[in-house]
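Trainee: Could you walk me through how the cross-links and charged pairs in a model get their labels? I would like to see the reasoning behind each one.

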Amino acid sequence: MRDLVAQGLEALARTSLDVAPLRQALLDLEGPFLLVVAGEFNSGKSSLLNALLGSELLKEGVTPTTDRIQLIGYALEPRYEPQGPELAHLYLPNPILQDLRLVDTPGTNAILAQHQVLTERFLPRADLILFVTSADRAYTHSESEFLKLIRAWGKKIVLVVNKTDLLTPSEREQVLEFVRKGSEQTLGRRVQVFGVSARQAKAGEREASGVAALEAHIRQVLKQEAAALKLGSPLGVLVRLAEVAAPELETELQGIKKQLATCSDLDQLARRHAERTRRDFAGQVALVTQVVEGVRERGEAWLDETVRLGRFFDLIRSAKIKQSFLDEVVKNANQDVERGVMQALGWLAKRDRELLEDALHLLRDAPGLQGAKSPGEQQAIAGNLEAALRSFVPEREALALKDHIQEALQHTALVEVSAVGLGSLLVLIFQKLLLDLMGIFAGLLVAVLGFSILPRRKDAAKAKLRERLGVLRSELQKALNEALEVELERTQEQFTALYRQPCLRLEASRDSLQAQIDRLNALRQQAAALREELAR
(Lines give C-alpha, C1' and ligand atoms only; values in the text may rest on other atoms or scores of the structure.)
Protein backbone atom coordinates (compact mmCIF):
# COMPACT_ATOMS: atom_id res chain seq x y z
CA MET A 1 0.00 0.00 0.00
CA ARG A 2 2.81 2.39 0.91
CA ASP A 3 4.49 1.67 -2.40
CA LEU A 4 1.24 2.40 -4.27
CA VAL A 5 0.80 5.72 -2.48
CA ALA A 6 4.47 6.58 -3.04
CA GLN A 7 4.03 5.92 -6.77
CA GLY A 8 0.96 8.15 -6.74
CA LEU A 9 2.90 10.86 -4.96
CA GLU A 10 5.60 10.68 -7.63
CA ALA A 11 3.06 10.81 -10.47
CA LEU A 12 1.10 13.69 -8.95
CA ALA A 13 4.26 15.66 -8.24
CA ARG A 14 4.52 16.22 -12.00
CA THR A 15 1.22 18.10 -12.02
CA SER A 16 0.40 21.57 -10.70
CA LEU A 17 -1.57 20.09 -7.81
CA ASP A 18 -0.51 20.59 -4.21
CA VAL A 19 0.57 17.08 -3.17
CA ALA A 20 1.09 18.08 0.47
CA PRO A 21 -2.14 16.27 1.56
CA LEU A 22 -0.88 12.98 0.14
CA ARG A 23 2.58 13.47 1.63
CA GLN A 24 0.99 14.24 4.99
CA ALA A 25 -1.29 11.19 4.67
CA LEU A 26 1.80 9.01 4.31
CA LEU A 27 3.33 10.59 7.40
CA ASP A 28 0.06 10.17 9.35
CA LEU A 29 0.24 6.40 8.85
CA GLU A 30 2.77 6.39 11.67
CA GLY A 31 0.62 8.66 13.86
CA PRO A 32 -2.45 8.12 16.02
CA PHE A 33 -5.97 7.60 14.68
CA LEU A 34 -7.43 11.00 13.82
CA LEU A 35 -11.11 11.55 14.61
CA VAL A 36 -12.03 14.94 13.18
CA VAL A 37 -15.09 16.79 14.45
CA ALA A 38 -16.45 19.13 11.77
CA GLY A 39 -19.59 21.10 11.16
CA GLU A 40 -20.97 24.58 10.73
CA PHE A 41 -20.42 27.19 13.42
CA ASN A 42 -22.89 27.09 16.29
CA SER A 43 -23.71 23.45 15.58
CA GLY A 44 -22.23 22.54 18.96
CA LYS A 45 -18.95 20.88 17.96
CA SER A 46 -16.98 22.17 20.94
CA SER A 47 -19.80 21.38 23.38
CA LEU A 48 -19.98 17.84 21.95
CA LEU A 49 -16.23 17.39 22.42
CA ASN A 50 -16.49 18.67 25.98
CA ALA A 51 -19.28 16.16 26.57
CA LEU A 52 -17.22 13.29 25.13
CA LEU A 53 -14.19 14.28 27.20
CA GLY A 54 -16.17 15.07 30.33
CA SER A 55 -14.51 18.47 30.70
CA GLU A 56 -15.08 22.13 29.94
CA LEU A 57 -11.74 22.81 28.25
CA LEU A 58 -13.04 24.01 24.87
CA LYS A 59 -14.77 27.34 24.39
CA GLU A 60 -18.45 27.25 23.58
CA GLY A 61 -20.72 30.00 22.25
CA VAL A 62 -23.22 31.17 19.66
CA THR A 63 -20.49 32.91 17.66
CA PRO A 64 -17.41 31.27 16.04
CA THR A 65 -15.12 30.35 18.93
CA THR A 66 -12.60 27.90 17.45
CA ASP A 67 -10.20 29.86 15.27
CA ARG A 68 -7.55 27.17 14.74
CA ILE A 69 -7.21 23.43 14.37
CA GLN A 70 -6.92 21.86 17.83
CA LEU A 71 -5.40 18.39 18.11
CA ILE A 72 -6.46 16.82 21.39
CA GLY A 73 -4.21 13.99 22.55
CA TYR A 74 -3.38 12.00 25.67
CA ALA A 75 -1.02 13.03 28.44
CA LEU A 76 -0.86 12.43 32.19
CA GLU A 77 -1.09 16.14 32.85
CA PRO A 78 -3.25 18.67 30.95
CA ARG A 79 -1.34 21.17 28.85
CA TYR A 80 -1.99 23.49 25.91
CA GLU A 81 0.70 24.09 23.29
CA PRO A 82 0.02 26.61 20.49
CA GLN A 83 1.85 25.59 17.30
CA GLY A 84 1.17 28.78 15.37
CA PRO A 85 -1.80 30.82 14.18
CA GLU A 86 -3.49 27.79 12.62
CA LEU A 87 -2.72 24.87 14.94
CA ALA A 88 -2.63 24.05 18.66
CA HIS A 89 -2.06 20.85 20.65
CA LEU A 90 -4.17 20.11 23.72
CA TYR A 91 -3.22 17.19 25.98
CA LEU A 92 -5.64 15.63 28.48
CA PRO A 93 -5.50 12.59 30.80
CA ASN A 94 -8.63 11.06 29.25
CA PRO A 95 -8.55 7.27 28.53
CA ILE A 96 -10.38 7.62 25.21
CA LEU A 97 -7.43 9.69 23.92
CA GLN A 98 -5.04 6.74 24.36
CA ASP A 99 -6.46 5.17 21.20
CA LEU A 100 -7.09 8.25 19.10
CA ARG A 101 -6.54 11.94 18.72
CA LEU A 102 -9.60 14.17 18.56
CA VAL A 103 -9.49 17.15 16.23
CA ASP A 104 -11.60 20.23 16.88
CA THR A 105 -12.01 22.29 13.69
CA PRO A 106 -13.22 25.84 13.07
CA GLY A 107 -16.84 26.07 11.98
CA THR A 108 -17.76 26.13 8.31
CA ASN A 109 -20.24 28.53 6.73
CA ALA A 110 -18.97 31.23 9.10
CA ILE A 111 -18.40 34.89 8.36
CA LEU A 112 -14.66 34.24 8.74
CA ALA A 113 -13.83 32.46 5.48
CA GLN A 114 -10.35 31.44 6.66
CA HIS A 115 -11.97 29.22 9.30
CA GLN A 116 -13.59 27.10 6.58
CA VAL A 117 -10.34 27.02 4.63
CA LEU A 118 -8.52 25.66 7.69
CA THR A 119 -11.13 22.93 8.13
CA GLU A 120 -11.16 21.96 4.43
CA ARG A 121 -7.38 21.73 4.38
CA PHE A 122 -7.40 19.34 7.32
CA LEU A 123 -10.04 16.97 5.94
CA PRO A 124 -7.54 14.79 3.98
CA ARG A 125 -5.82 13.87 7.27
CA ALA A 126 -8.97 12.51 8.92
CA ASP A 127 -9.40 8.78 9.51
CA LEU A 128 -12.98 9.22 10.72
CA ILE A 129 -15.17 12.33 10.64
CA LEU A 130 -17.92 13.23 13.08
CA PHE A 131 -20.05 15.72 11.22
CA VAL A 132 -22.19 17.74 13.62
CA THR A 133 -25.43 19.43 12.61
CA SER A 134 -27.86 21.27 14.87
CA ALA A 135 -31.36 19.92 15.50
CA ASP A 136 -32.90 23.38 15.13
CA ARG A 137 -31.56 23.75 11.55
CA ALA A 138 -30.69 20.17 10.63
CA TYR A 139 -28.96 19.33 7.39
CA THR A 140 -28.88 22.63 5.53
CA HIS A 141 -27.91 23.03 1.89
CA SER A 142 -24.46 24.32 2.85
CA GLU A 143 -23.97 21.27 5.08
CA SER A 144 -24.91 19.03 2.17
CA GLU A 145 -22.29 20.75 0.02
CA PHE A 146 -19.66 20.30 2.71
CA LEU A 147 -20.51 16.61 2.99
CA LYS A 148 -19.88 16.27 -0.76
CA LEU A 149 -16.38 17.60 -0.15
CA ILE A 150 -15.85 15.04 2.63
CA ARG A 151 -17.19 12.29 0.36
CA ALA A 152 -14.72 13.33 -2.35
CA TRP A 153 -11.83 12.50 -0.01
CA GLY A 154 -13.29 9.04 0.62
CA LYS A 155 -13.66 9.49 4.38
CA LYS A 156 -15.86 7.44 6.71
CA ILE A 157 -18.51 9.73 8.18
CA VAL A 158 -20.66 9.56 11.29
CA LEU A 159 -23.45 12.15 11.45
CA VAL A 160 -24.32 13.69 14.79
CA VAL A 161 -27.50 15.72 15.28
CA ASN A 162 -26.79 17.88 18.35
CA LYS A 163 -29.25 19.83 20.53
CA THR A 164 -31.99 17.19 20.32
CA ASP A 165 -33.13 18.35 23.76
CA LEU A 166 -34.82 21.24 21.88
CA LEU A 167 -37.19 18.74 20.22
CA THR A 168 -40.05 16.57 21.33
CA PRO A 169 -39.52 12.80 20.92
CA SER A 170 -41.67 12.84 17.78
CA GLU A 171 -39.79 15.80 16.32
CA ARG A 172 -36.50 14.13 17.22
CA GLU A 173 -37.34 11.05 15.13
CA GLN A 174 -38.53 13.17 12.23
CA VAL A 175 -35.33 15.21 12.24
CA LEU A 176 -33.11 12.10 12.48
CA GLU A 177 -34.97 10.48 9.55
CA PHE A 178 -34.67 13.68 7.53
CA VAL A 179 -30.91 13.72 8.13
CA ARG A 180 -30.61 10.02 7.27
CA LYS A 181 -32.41 10.42 3.94
CA GLY A 182 -30.65 13.66 3.05
CA SER A 183 -27.21 12.31 3.81
CA GLU A 184 -27.89 9.09 1.92
CA GLN A 185 -28.88 11.11 -1.12
CA THR A 186 -25.77 13.27 -0.82
CA LEU A 187 -23.26 10.53 -0.02
CA GLY A 188 -24.77 7.71 -2.08
CA ARG A 189 -24.79 5.38 0.93
CA ARG A 190 -26.33 5.09 4.40
CA VAL A 191 -24.26 6.32 7.33
CA GLN A 192 -24.71 6.12 11.09
CA VAL A 193 -26.78 9.02 12.46
CA PHE A 194 -26.80 9.78 16.19
CA GLY A 195 -29.07 12.20 17.98
CA VAL A 196 -27.34 13.75 21.02
CA SER A 197 -27.68 16.56 23.49
CA ALA A 198 -24.33 17.84 24.71
CA ARG A 199 -26.22 19.98 27.23
CA GLN A 200 -27.88 16.93 28.81
CA ALA A 201 -24.58 15.04 28.89
CA LYS A 202 -22.87 17.86 30.74
CA ALA A 203 -25.83 17.88 33.15
CA GLY A 204 -25.05 14.24 34.03
CA GLU A 205 -27.69 12.62 31.78
CA ARG A 206 -25.09 10.81 29.66
CA GLU A 207 -27.26 7.85 28.65
CA ALA A 208 -30.35 9.93 27.90
CA SER A 209 -28.27 12.47 25.99
CA GLY A 210 -27.17 9.90 23.41
CA VAL A 211 -23.49 10.74 24.01
CA ALA A 212 -22.85 7.35 25.62
CA ALA A 213 -24.19 5.57 22.51
CA LEU A 214 -22.02 7.76 20.30
CA GLU A 215 -18.94 7.03 22.42
CA ALA A 216 -19.69 3.31 22.31
CA HIS A 217 -19.90 3.47 18.53
CA ILE A 218 -16.60 5.30 18.35
CA ARG A 219 -14.96 2.61 20.52
CA GLN A 220 -16.44 -0.10 18.31
CA VAL A 221 -15.06 1.57 15.18
CA LEU A 222 -11.65 1.86 16.85
CA LYS A 223 -11.74 -1.81 17.77
CA GLN A 224 -12.99 -3.21 14.48
CA GLU A 225 -12.11 -0.71 11.75
CA ALA A 226 -9.27 1.52 12.94
CA ALA A 227 -6.52 -0.27 11.02
CA ALA A 228 -8.53 -0.41 7.78
CA LEU A 229 -9.56 3.24 8.07
CA LYS A 230 -6.01 4.29 8.86
CA LEU A 231 -4.62 2.43 5.88
CA GLY A 232 -7.47 3.58 3.66
CA SER A 233 -7.00 7.25 4.44
CA PRO A 234 -3.99 7.89 2.15
CA LEU A 235 -5.64 5.72 -0.51
CA GLY A 236 -8.68 7.99 -0.42
CA VAL A 237 -6.43 11.04 -0.70
CA LEU A 238 -4.66 9.47 -3.69
CA VAL A 239 -7.97 8.72 -5.40
CA ARG A 240 -9.22 12.26 -4.77
CA LEU A 241 -6.06 13.99 -6.02
CA ALA A 242 -5.93 11.72 -9.07
CA GLU A 243 -9.55 12.63 -9.85
CA VAL A 244 -8.77 16.33 -9.46
CA ALA A 245 -5.65 16.04 -11.60
CA ALA A 246 -7.42 14.12 -14.38
CA PRO A 247 -9.43 17.04 -15.87
CA GLU A 248 -6.42 19.34 -15.69
CA LEU A 249 -4.18 16.81 -17.41
CA GLU A 250 -6.89 15.97 -19.95
CA THR A 251 -7.35 19.67 -20.73
CA GLU A 252 -3.61 20.04 -21.19
CA LEU A 253 -3.57 16.93 -23.39
CA GLN A 254 -6.40 18.26 -25.56
CA GLY A 255 -4.52 21.55 -25.89
CA ILE A 256 -1.44 19.70 -27.13
CA LYS A 257 -3.57 17.65 -29.52
CA LYS A 258 -5.05 20.86 -30.92
CA GLN A 259 -1.56 22.20 -31.46
CA LEU A 260 -0.58 18.93 -33.15
CA ALA A 261 -3.68 19.27 -35.33
CA THR A 262 -2.16 22.54 -36.51
CA CYS A 263 1.02 20.64 -37.33
CA SER A 264 -1.12 18.30 -39.44
CA ASP A 265 -2.77 21.33 -41.03
CA LEU A 266 0.68 22.61 -42.01
CA ASP A 267 1.46 19.20 -43.55
CA GLN A 268 -1.80 19.33 -45.50
CA LEU A 269 -1.06 22.90 -46.56
CA ALA A 270 2.27 21.74 -48.01
CA ARG A 271 0.58 18.86 -49.85
CA ARG A 272 -2.12 21.14 -51.28
CA HIS A 273 0.59 23.60 -52.31
CA ALA A 274 2.41 20.84 -54.24
CA GLU A 275 -0.81 19.65 -55.91
CA ARG A 276 -1.89 23.14 -56.98
CA THR A 277 1.59 24.07 -58.11
CA ARG A 278 1.91 20.97 -60.30
CA ARG A 279 -1.50 21.60 -61.80
CA ASP A 280 -0.98 25.29 -62.48
CA PHE A 281 2.65 24.98 -63.59
CA ALA A 282 1.46 23.21 -66.75
CA GLY A 283 0.23 26.60 -67.98
CA GLN A 284 3.67 28.10 -67.44
CA VAL A 285 5.30 25.26 -69.39
CA ALA A 286 2.81 25.75 -72.21
CA LEU A 287 3.78 29.41 -72.52
CA VAL A 288 7.42 28.41 -72.99
CA THR A 289 6.73 25.65 -75.49
CA GLN A 290 4.46 27.98 -77.47
CA VAL A 291 7.60 29.88 -78.42
CA VAL A 292 9.09 26.69 -79.85
CA GLU A 293 5.82 25.95 -81.63
CA GLY A 294 5.99 29.43 -83.13
CA VAL A 295 9.46 28.66 -84.49
CA ARG A 296 8.09 25.49 -86.08
CA GLU A 297 5.19 27.31 -87.74
CA ARG A 298 7.48 30.05 -89.04
CA GLY A 299 10.03 27.45 -90.13
CA GLU A 300 7.55 25.49 -92.23
CA ALA A 301 6.24 28.69 -93.82
CA TRP A 302 9.84 29.77 -94.50
CA LEU A 303 10.59 26.45 -96.16
CA ASP A 304 7.51 26.75 -98.35
CA GLU A 305 8.61 30.22 -99.39
CA THR A 306 12.30 29.49 -99.79
CA VAL A 307 12.56 25.96 -101.13
CA ARG A 308 11.20 26.43 -104.65
CA LEU A 309 12.69 26.69 -108.14
CA GLY A 310 12.06 30.40 -108.33
CA ARG A 311 14.57 30.86 -105.49
CA PHE A 312 17.01 28.22 -106.67
CA PHE A 313 19.97 30.56 -106.73
CA ASP A 314 19.16 31.79 -103.21
CA LEU A 315 19.20 28.18 -102.02
CA ILE A 316 22.74 27.63 -103.16
CA ARG A 317 23.90 30.83 -101.47
CA SER A 318 24.21 29.36 -97.94
CA ALA A 319 25.13 32.60 -96.20
CA LYS A 320 22.00 34.32 -97.40
CA ILE A 321 19.84 31.31 -96.52
CA LYS A 322 21.33 31.13 -93.02
CA GLN A 323 20.70 34.79 -92.33
CA SER A 324 17.18 34.52 -93.72
CA PHE A 325 16.49 31.58 -91.41
CA LEU A 326 17.78 33.44 -88.36
CA ASP A 327 15.90 36.62 -89.22
CA GLU A 328 12.58 35.12 -90.29
CA VAL A 329 12.35 31.87 -88.36
CA VAL A 330 14.44 32.10 -85.19
CA LYS A 331 13.95 35.85 -84.76
CA ASN A 332 14.27 36.36 -80.96
CA ALA A 333 13.08 32.86 -80.04
CA ASN A 334 16.11 32.21 -77.82
CA GLN A 335 15.35 35.37 -75.82
CA ASP A 336 11.64 34.57 -75.72
CA VAL A 337 12.29 31.04 -74.48
CA GLU A 338 14.71 32.31 -71.85
CA ARG A 339 12.24 34.99 -70.80
CA GLY A 340 9.44 32.40 -70.61
CA VAL A 341 11.61 30.06 -68.56
CA MET A 342 12.49 32.84 -66.11
CA GLN A 343 8.85 33.87 -65.85
CA ALA A 344 7.89 30.26 -65.12
CA LEU A 345 10.61 29.94 -62.49
CA GLY A 346 9.69 33.31 -61.02
CA TRP A 347 6.09 32.17 -60.82
CA LEU A 348 7.27 29.04 -59.03
CA ALA A 349 9.30 31.08 -56.53
CA LYS A 350 6.30 33.32 -55.92
CA ARG A 351 4.23 30.24 -55.09
CA ASP A 352 6.87 29.25 -52.52
CA ARG A 353 6.54 32.66 -50.91
CA GLU A 354 2.76 32.30 -50.85
CA LEU A 355 3.18 28.98 -49.02
CA LEU A 356 5.08 30.74 -46.22
CA GLU A 357 2.45 33.49 -46.06
CA ASP A 358 -0.42 30.98 -46.01
CA ALA A 359 1.32 29.05 -43.24
CA LEU A 360 1.63 32.18 -41.11
CA HIS A 361 -2.05 33.00 -41.62
CA LEU A 362 -2.97 29.44 -40.69
CA LEU A 363 -0.81 29.62 -37.58
CA ARG A 364 -2.25 32.92 -36.41
CA ASP A 365 -5.81 31.63 -36.80
CA ALA A 366 -5.19 28.15 -35.38
CA PRO A 367 -7.47 27.56 -32.36
CA GLY A 368 -5.08 25.00 -30.96
CA LEU A 369 -2.30 27.53 -30.65
CA GLN A 370 -4.38 30.49 -29.54
CA GLY A 371 -4.44 30.61 -25.77
CA ALA A 372 -2.22 27.57 -25.49
CA LYS A 373 -0.98 26.91 -21.98
CA SER A 374 2.60 27.10 -23.19
CA PRO A 375 3.01 29.26 -26.31
CA GLY A 376 6.65 28.27 -26.73
CA GLU A 377 6.13 25.93 -29.68
CA GLN A 378 3.73 28.35 -31.38
CA GLN A 379 6.30 31.11 -31.08
CA ALA A 380 9.02 28.79 -32.35
CA ILE A 381 7.04 27.85 -35.47
CA ALA A 382 5.86 31.40 -36.14
CA GLY A 383 9.37 32.74 -35.61
CA ASN A 384 10.81 30.22 -38.07
CA LEU A 385 8.20 31.08 -40.69
CA GLU A 386 8.70 34.82 -40.28
CA ALA A 387 12.49 34.46 -40.53
CA ALA A 388 12.16 32.34 -43.67
CA LEU A 389 9.78 34.89 -45.19
CA ARG A 390 12.13 37.79 -44.43
CA SER A 391 15.08 36.03 -46.03
CA PHE A 392 13.14 34.81 -49.06
CA VAL A 393 14.39 36.32 -52.36
CA PRO A 394 12.33 35.09 -55.34
CA GLU A 395 14.96 36.15 -57.90
CA ARG A 396 17.61 34.09 -56.15
CA GLU A 397 15.33 31.05 -56.10
CA ALA A 398 14.52 31.46 -59.81
CA LEU A 399 18.20 31.77 -60.79
CA ALA A 400 19.05 28.59 -58.92
CA LEU A 401 16.38 26.76 -60.92
CA LYS A 402 17.60 28.33 -64.15
CA ASP A 403 20.92 26.56 -63.66
CA HIS A 404 19.03 23.30 -63.50
CA ILE A 405 17.29 24.04 -66.84
CA GLN A 406 20.62 24.83 -68.50
CA GLU A 407 22.22 21.67 -67.16
CA ALA A 408 19.31 19.57 -68.36
CA LEU A 409 19.48 21.03 -71.92
CA GLN A 410 23.26 20.65 -72.09
CA HIS A 411 22.90 16.91 -71.60
CA THR A 412 20.47 16.44 -74.44
CA ALA A 413 21.49 15.20 -77.83
CA LEU A 414 21.02 18.70 -79.16
CA VAL A 415 24.32 20.20 -78.07
CA GLU A 416 27.45 19.16 -76.28
CA VAL A 417 28.65 22.34 -74.65
CA SER A 418 28.87 23.65 -71.12
CA ALA A 419 29.44 26.84 -69.20
CA VAL A 420 27.13 28.94 -71.37
CA GLY A 421 23.99 30.84 -70.46
CA LEU A 422 20.53 29.65 -71.32
CA GLY A 423 20.06 32.23 -74.09
CA SER A 424 23.42 31.35 -75.69
CA LEU A 425 22.62 27.68 -75.34
CA LEU A 426 19.37 28.16 -77.24
CA VAL A 427 21.23 30.07 -79.99
CA LEU A 428 23.53 27.08 -80.39
CA ILE A 429 20.55 24.76 -80.53
CA PHE A 430 18.91 26.80 -83.31
CA GLN A 431 22.23 27.05 -85.20
CA LYS A 432 22.63 23.29 -85.07
CA LEU A 433 19.11 22.96 -86.40
CA LEU A 434 20.03 25.29 -89.26
CA LEU A 435 23.11 23.21 -90.05
CA ASP A 436 20.96 20.10 -90.19
CA LEU A 437 18.61 21.83 -92.61
CA MET A 438 21.49 23.10 -94.76
CA GLY A 439 22.83 19.59 -94.97
CA ILE A 440 19.60 18.52 -96.59
CA PHE A 441 20.15 21.00 -99.44
CA ALA A 442 23.85 20.17 -99.96
CA GLY A 443 24.60 19.06 -103.57
CA LEU A 444 21.34 20.55 -104.69
CA LEU A 445 23.02 21.96 -107.88
CA VAL A 446 23.85 18.45 -109.07
CA ALA A 447 20.39 17.12 -108.30
CA VAL A 448 18.39 20.05 -109.66
CA LEU A 449 17.99 18.37 -113.05
CA GLY A 450 15.55 16.03 -111.42
CA PHE A 451 12.58 18.28 -110.86
CA SER A 452 11.06 15.92 -108.27
CA ILE A 453 14.05 16.20 -105.94
CA LEU A 454 13.29 19.70 -104.61
CA PRO A 455 9.84 18.87 -103.12
CA ARG A 456 11.33 15.78 -101.52
CA ARG A 457 14.16 17.83 -100.00
CA LYS A 458 11.62 20.35 -98.68
CA ASP A 459 9.54 17.59 -97.11
CA ALA A 460 12.68 16.16 -95.56
CA ALA A 461 13.59 19.60 -94.24
CA LYS A 462 10.15 20.03 -92.69
CA ALA A 463 10.39 16.61 -91.09
CA LYS A 464 13.82 17.45 -89.69
CA LEU A 465 12.53 20.81 -88.45
CA ARG A 466 9.60 19.17 -86.69
CA GLU A 467 11.82 16.44 -85.25
CA ARG A 468 14.45 18.80 -83.86
CA LEU A 469 11.97 21.32 -82.50
CA GLY A 470 9.90 18.48 -81.08
CA VAL A 471 12.96 17.27 -79.21
CA LEU A 472 13.63 20.82 -78.00
CA ARG A 473 10.02 21.22 -76.88
CA SER A 474 10.09 17.85 -75.14
CA GLU A 475 13.41 18.60 -73.46
CA LEU A 476 12.18 21.99 -72.32
CA GLN A 477 9.03 20.41 -70.87
CA LYS A 478 11.10 17.73 -69.20
CA ALA A 479 13.64 20.22 -67.83
CA LEU A 480 10.92 22.54 -66.53
CA ASN A 481 9.02 19.68 -64.91
CA GLU A 482 12.23 18.32 -63.38
CA ALA A 483 12.96 21.80 -62.06
CA LEU A 484 9.43 21.86 -60.67
CA GLU A 485 9.93 18.56 -58.83
CA VAL A 486 13.34 19.62 -57.56
CA GLU A 487 11.83 22.84 -56.27
CA LEU A 488 8.82 21.11 -54.74
CA GLU A 489 11.05 18.62 -52.94
CA ARG A 490 13.38 21.37 -51.72
CA THR A 491 10.42 23.50 -50.65
CA GLN A 492 8.85 20.55 -48.83
CA GLU A 493 12.07 19.83 -46.95
CA GLN A 494 12.73 23.45 -46.04
CA PHE A 495 9.11 24.18 -45.15
CA THR A 496 8.75 21.06 -43.02
CA ALA A 497 12.00 21.88 -41.23
CA LEU A 498 10.45 25.16 -40.05
CA TYR A 499 7.96 23.37 -37.81
CA ARG A 500 9.09 19.74 -37.54
CA GLN A 501 11.17 20.10 -34.37
CA PRO A 502 8.51 22.06 -32.43
CA CYS A 503 5.92 19.52 -33.59
CA LEU A 504 8.16 16.62 -32.56
CA ARG A 505 8.45 18.21 -29.12
CA LEU A 506 4.66 18.48 -29.01
CA GLU A 507 4.37 14.81 -29.96
CA ALA A 508 6.79 13.91 -27.18
CA SER A 509 4.77 16.04 -24.74
CA ARG A 510 1.56 14.39 -25.88
CA ASP A 511 2.97 10.89 -25.45
CA SER A 512 4.48 11.74 -22.08
CA LEU A 513 1.26 13.34 -20.86
CA GLN A 514 -0.85 10.44 -22.11
CA ALA A 515 1.44 8.03 -20.30
CA GLN A 516 1.12 10.15 -17.15
CA ILE A 517 -2.69 10.13 -17.43
CA ASP A 518 -2.73 6.37 -17.99
CA ARG A 519 -0.43 5.83 -15.03
CA LEU A 520 -2.51 8.05 -12.75
CA ASN A 521 -5.72 6.32 -13.85
CA ALA A 522 -4.17 2.94 -13.14
CA LEU A 523 -2.95 4.08 -9.72
CA ARG A 524 -6.35 5.59 -8.95
CA GLN A 525 -8.11 2.35 -9.87
CA GLN A 526 -5.68 0.28 -7.80
CA ALA A 527 -6.07 2.63 -4.83
CA ALA A 528 -9.88 2.59 -5.09
CA ALA A 529 -9.94 -1.21 -5.33
CA LEU A 530 -7.61 -1.58 -2.34
CA ARG A 531 -9.66 0.89 -0.32
CA GLU A 532 -12.84 -1.05 -1.10
CA GLU A 533 -11.10 -4.26 -0.05
CA LEU A 534 -10.05 -2.66 3.23
CA ALA A 535 -13.59 -1.40 3.78
CA ARG A 536 -14.93 -4.94 3.41
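Mentor: Happy to; we will take the disulfide and then some salt bridges, bearing in mind that this is a predicted model.

Trainee: What makes C263 and C503 a disulfide?

Mentor: The sulfur atoms of C263 and C503 are 1.9 Å apart. The cut-off is within 2.5 Å, so the pair qualifies as a disulfide. By that rule the count comes to 1 disulfide.

Trainee: What does the disulfide of C263 and C503 tie together?

Mentor: C263 sits in helix α10 (residues 226-306) and C503 in helix α18 (residues 453-535), so the bond joins parts that are 240 residues apart in sequence.

Trainee: Why is the disulfide of C263 and C503 called left-handed?

Mentor: Because the torsion about its S-S bond is about -90 degrees. As for surroundings, C263 and C503 are both buried.

Trainee: Now the charges. How do you know that E300 and R466 form a salt bridge?

Mentor: Their side chains come to 2.9 Å, N to O. The limit is within 4 Å, so E300 and R466 pass. This pair, too, links distant parts of the chain, with E300 in helix α10 and R466 in helix α18, 166 residues apart.

Trainee: Why do E300 and R466 get their accessibility labels?

Mentor: E300 has a relative accessible area of 16%; buried means under 20%, so E300 is buried. R466 has 38% relative accessibility, which falls between that limit and the 50% above which a residue is exposed, so R466 counts as partly exposed.

Trainee: What about R490 and D352: why is that pair a salt bridge?

Mentor: The N to O distance is 3.8 Å, and the limit is 4 Å, so the pair of R490 and D352 counts. R490 belongs to helix α18 and D352 to helix α13 (residues 333-365), 138 residues apart. With 22% relative accessible area R490 is partly exposed, whereas D352, at 3%, is buried.

Trainee: Which residue forms a salt bridge with D511?

Mentor: R510 does, the closest N and O atoms being 3.0 Å apart. D511 is partly exposed, with a relative accessible area of 45%, and R510 is partly exposed at 27%.

Trainee: Which residues are joined into one network by salt bridges that share partners?

Mentor: E293, R296, E297, E300, R466 and R473 are.

Trainee: And how many salt bridges does the structure hold?

Mentor: The count is 35 salt bridges, including the one between E300 and R466.

Conventions. Residues numbered from 1 in each chain as written. Predicted model: local features only at pLDDT ≥ 70, side-chain atom pairs only at ≥ 80, totals over all residues. Heavy atoms only, no water. Helix = DSSP H or I, 4+ residues; strand = E, 2+ residues; numbered from the N terminus. Buried < 20%, exposed > 50% of the residue type's maximum accessible area, 1.4 Å probe, protein only.
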